[in-house]
Amino acid sequence: MSNAKERKHAKKMRNQPTNVTLFSGFAANRSVKHYGGGGKPAQTQKPESRSGSAQQQESKVTHHSLRDPDVNEQSSSKVTFRKKGGWKAGPEGTSQEMPKYITASTFAQARAAEISAMLRAVTQKSSNSMVFQTLPRHMRRRAMSHNVKRLPQRLREIAQKEAEKTVHQKKEHSKNKCHKARRCHKNQMLEFNRRQKKNMWLETHIWHAKRFHMVKKWGYCLGERPTVKSHRACYRAMTNHCLLQDISYYCCLELKGKEEEILKALSRMCSIETGLTFAAVHCLSGKRQGSLMLYRANQYPREMLGPVTFIWKSERSAGGPAGSRQLWIWLHPTLREEILEEIKAACQCIEPIQSTICTPNSLLTPLQEKSQTGLPDEKIVTKRKRKDDGENAKPVKKVFGNRTRDAHQPCSWSSPATGIVVSDLTMEMNRYRLIGPLSHSVLTEALKAAAVHTGEEDTEKTPHSWWIETCRNPDDVSLHHRQEAIFEMLGGITSPAEIPAGTILGLTVGDPRINLPQKRFKALPDPEKCQDNERVRQLLMEGVPVECTHSFIWNQAICQSVTENKISDQDLNRMRSELLVPGSQLVLGPQESKIPILLIHQPGRVTGEDRRGWGSGWDVLLPKGWGMAFWIPFIYRGARVGGLKEGLVHSQYKRSPNIPGDFPDCPAGVLFAEEQAKNLLEKYKRRPPAKRPNYVKLGTLAPFCCPWGQLTRDWESREQTQGESCVASSPNSEVGDSGNGEGPRAAAPDKTLQFSAEEPREPEDMDTECQGQAGTQPVRDQDAALGGLCVVRERKLLKQLSSWCGPSSGGSWVPRRAPGRGQQDLTRETCLSILSRFPRALVWVSLSLLHKGSPEPYTMICVPTKEDLLHLSQDRFYCGPQESKHSDPFKSKLLKQKKEKRRRRQTASLEGQAGEEPAAGHEALTQGLWSGPLPTVTSHCSRLLLGFVTQGDFSMALGCGEALGFVSLTGLLDILSRQPARERGLVLLRPPASLQYRFARIAVEV
Amino acid sequence: MAENREPRGAAEAELDPVEYTLRKRLPHRLPRRPNDIYVNMKTDFKAQLARCQKLLDAGSRGQNACAEIYIHGLGLAINRAINIALQLQAGSFGSLQVAANTSTVELVDELEPETDTREPLIRIRNNSAIHIRVFRVTPK
């Protein structure tokens, strides 16, 4: 009998009472003798005419039966089976004869045992479902789960018990408040203010929380992705329509002071080699937004701090002391601490300022502050007491701005030496990002420039005194009209990609809630406006003139007044309801709020040849408190909302690095990688070993992290040994050939083959520095080694690499940029000179797959061998080579560990609770993961490892797999110099859980 | 237009790839109607042909009639646009007619400076474009 069949039967019989399975006829007379314990009649009733082995088994079973019911059942069913088989075959036929007599007492006892077992089986619920779930469908009723009386009578008792059990598991609501009291506005506000103390909420939080999967990240509660299935829809919105994102969690640092002083302080933190700096002419005038990488002062190219964008406030001809400028630096919240400290150090700003305009909390009205500080007390006091409180205190207000910050903590620092004031404007503004070609239509439909006061209404008191002041000045009014004209012109431009990158436009708009449409619709560009006239042409060419970038949002006092004097939604709706003609336009006249905003153009994809301008759009800066008032109008104009995940997709299709995941050389990036590795390892360990990939066998050393430090070190040592071997093997020819530049390239391939052949046989030199398990430890190791690691961001070098990467010749019709004067040939000397400057460096590359395959994060980028390339050139549809399966050196160790564990458990169960905890000497092995120090990562597999992918997926824009990642500069130069010009830039990709390599083309985009 | 090009031509002479990076911007274009087809060189020829055919065929059957379609081609894609239009005509047994218009499209090239002291430059270059109207006629 087959093993599987037996097992199946055992499973079937598991819940049966043990004695039901046997026909006790013949054995009954015998059983009298055995029947001692009375617990297990089945075993005792076995016929003696059984074979020897069965008897042995039986004795074993009886021996263990008390302790091990599982074994018991197994063997009993086995016995039954044998019996059955015997009956069929017939050699044991005698056992099936009817008994001659029955002893009444034993027979009754046996039946009684059967009945009791049956009863037990009936009453006991084996599944873990609720009672009402076990009912057939036609007997189910609505609300059965919380109303017991809807269940049939016979089940009510059990259901009652279950309901009580779940009540205990439920979260405790505050006992002193009923549902209605909790939902009352005042209490809800209190509750909301309490809940956002630890993790800040954006102003659109409640809107997001209803529609998004929320995550707590970077001290904020952020929407990760919509709950509706919308991956593709969001992509379409980015390409053809408009995608809206709330990125108010980005931090803003403000620097005020003399222009020269600021530039002098900041120039040490960036390098001209990585691109334009704070001093770029068009950025300095305030006309454009700039972006750059910040480093620790004078540490370039090491000690990266992170990427930032910045805008200067334009200098207006009249106003302000000469030379005093304002600069906003926008950065990701993970980078904030480091960059703020560094900027403070660079500007020598040490003196905290307590009471300036920049301190947001001091500006709150005292009542608000009271409600904020009095919060903990109020929570404790009883209901009645709070009512007393409420009489002299105003109702609790929503608190805007940074709620996590301590009220006494300074957020503004000045320096006596340089006169620079650094302040932290985090959460002082909202920032919304609109991506896609329809963002112009959405903006122009939703926002209307503020109406200019004519001066007659000045007699009545309006809270918008700043706007009235502005309207008195004819210059300001004309400027406002010019800004309005430019803004209206945007509606006639079909794509933001046509506008100069980083254009800034300031504007003052009216309340967007006033002209909210009745229904949501999709705003489309108006063909009427799309007249190709001279003014549009000028806008496209010259961009927005410098004066028009001015906005009142730079003025803290005005922003504060705008935030405070916002008409609440409730009042607005009341006014609307009081209109004479329902549904007509609400006219507030001078009472209408005027909101200063700033529009910043975001360039889309600027690098590379294809999909130019993809993902471009506008960022809208608003004063705090106005978030929802702008959010809903945008959505009503047909914008689709995306979360963090959509942001990731956007950056991937734009082929720009994602913050902070794609900055392995900055502290935030290292921290992020560490967290990611921990999460992935936990997730991996949650699965049973048979249901998860065995990464050791797949030859993946680090499936959850990228050991950059070790990778670059390995390549460095390879390069050194190779250089030595070059010199040793053919000193004469090498020296002679190196002049024409052709020699090394020809000689090199032989060397690779030789190397890759002998390398795996070498004893793996364990890196003594690198200790710990493959899951989380290497990241820390990388942290230690970060001193030597850097990412190449020098534009000149990147351009050179970019020109080397592409196939330099071939039948392709793609017009290639002619190599300029600065370009050099790829020779050994140039490589060496580059490597001497960047010994351990990584290069940001983008990869597109040739045929099949969709890469994922942590995919390995490998070097193809000569045979692979040959194979590919012969067969155009060659998918790629396969990695052979590796052996698992940890298997025996793991088995031993397991055995030991089992033994210990056995002894423990015998001796009681003596040896519970495992011996401390052993580190816990995880099956399927490399434990202990990693061997040389580059040569662990059959193809040399070049780097890792950090973002990768099937690209809906390209229609094939697309990946972004880092490769070792040494390795890249090595393969580029080896590969023939026609196939240059071909690499292999292998995901961590697969053995299949796929071909991809590498490109460095600047 | 020509006078605009003159000073920029002079600027072109002093351009240095070390000091500037070329960034091409998207051509200015009008909002797309449903019967506008912009031909490109990346999409498969057959797919683009089928798309045009479908637009025209839907007109004869359903309510969303496209009695005429416009095929636009710019630069290198002019050839392909003409090819598509002629293929459509050839496959229609005389029920389709074509009418071509040519035009010049201004393209904007932005030159991003590599040094802080320079302003970004704008270069205007012209490219030819074709707009083919493919329309139904009642065969006589």
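B:Phe93 sits in the loop between helix H3 (77-90) and S4 of chain B, where helices (H or I, at least four residues) and strands (E, at least two) are DSSP runs numbered from the N terminus. The model is a predicted one, in which local features need pLDDT of at least 70 and side-chain atom pairs count only at pLDDT 80 or more, while totals for chains, interfaces and linings use all residues. Residues are numbered from 1 along each chain as its sequence is written, chains are lettered from A and ligands numbered from 1 in the order in which they are written, and side-chain values use heavy atoms, with hydrogens and water left out.

The backbone at this loop position deserves a second look. Most residues other than glycine have a negative phi, and most peptide bonds are trans. B:Phe93, although not a glycine, has a positive phi of about 55 degrees. With a relative accessible area of 80%, B:Phe93 is exposed; here buried means under 20% relative accessible area, exposed over 50%, and partly exposed in between (1.4 Å probe, protein chains only). Chain A offers another case in A:Asn298, a residue other than glycine with a positive phi near 60 degrees. A:Asn298 lies in the loop between strand S6 (290-295) and strand S7 (304-312) of chain A, and its relative accessible area of 54% makes it exposed.

Turning to the chains as wholes, chain B contains three helices and five strands, in the order α-β-β-α-β-α-β-β along the sequence. Of its 140 residues, 37% are buried. Among the contacts (heavy atoms within 4.5 Å) of chain B with a separation of 6 or more, 72% are between residues 24 or more positions apart. Chain A has 37 helices and 23 strands, and 50% of its 1006 residues are buried. For contacts in chain A between residues at least 6 apart in sequence, 78% join residues at least 24 apart.

An example of such a long-range arrangement in chain B is B:Arg133, a residue of strand S5 (residues 121-136). B:Arg133 and B:Ala100 are 33 residues apart in sequence, yet their C-alpha atoms are 6.1 Å apart. Leaving aside residues up to four places away in sequence, B:Arg133 touches B:Glu68, B:Ile69 and B:Tyr70, together with B:Gln97, B:Val98 and B:Ala99. At 30% relative accessibility, B:Arg133 counts as partly exposed.

Two helices of chain A can be described in some detail. Helix H8 (residues 153-169) has 17 residues and should span 24 Å at 1.5 Å a residue, which agrees with the 25 Å between its end C-alpha atoms; the expected span is 1.5 Å times one less than the number of residues. H8(A) bends by about 25 degrees at A:Ala159, the bend being the angle between axes fitted to the seven residues ending there and the seven starting there. A:Ala159 is also buried, as are A:Leu155 and A:Glu162 in H8(A). An α-helix has 3.6 residues a turn, so residues three or four places apart point the same way. The cover over the buried residues of H8(A) includes helix H7 (131-134) of chain A.

Helix H26 (residues 627-636) of chain A is largely enclosed by the rest of the structure, because seven of its ten residues are buried. The buried residues of H26(A) include the aromatic side chains of A:Phe630, A:Trp631 and A:Phe634. After H26(A) comes A:Gly638, with a positive phi near 95 degrees.

Further along chain A, a cis peptide bond with omega of about 0 degrees joins A:Ile659 and A:Pro660. A:Pro660 belongs to the loop between helix H27 (644-653) and helix H28 (667-686), and A:Gly661 is found in the loop between H27 and H28 as well. A:Gly661 is partly exposed, with a relative accessible area of 23%. Twelve residues separate A:Gly661 from A:Ala673 in sequence, and their C-alpha atoms are 6.8 Å apart.

Finally, the structure holds 16 cavities of 30 Å³ or more. A cavity is a set of points, on a 1 Å grid over the protein atoms alone, where a 1.4 Å probe fits but cannot get out, and lining residues have an atom within 4 Å of a point. The second largest cavity has about 170 Å³ of space. Of its 19 lining residues, the closest to the centre are A:Ala497, A:Ala501, A:Val606, B:Lys24 and B:Arg25. Strand S1 (20-24) and strand S4 (96-113) of chain B are the elements that give two or more residues to this lining.

Notes: On a 1 Å grid over the protein atoms alone, a cavity is a set of points where a 1.4 Å probe fits but cannot get out, and a pocket is an open set with protein on both sides within 12 Å along at least five of seven lines; lining residues have an atom within 4 Å of a point. Grid points are joined across faces, edges and corners, and a volume is the space filled by probe spheres set on the points.
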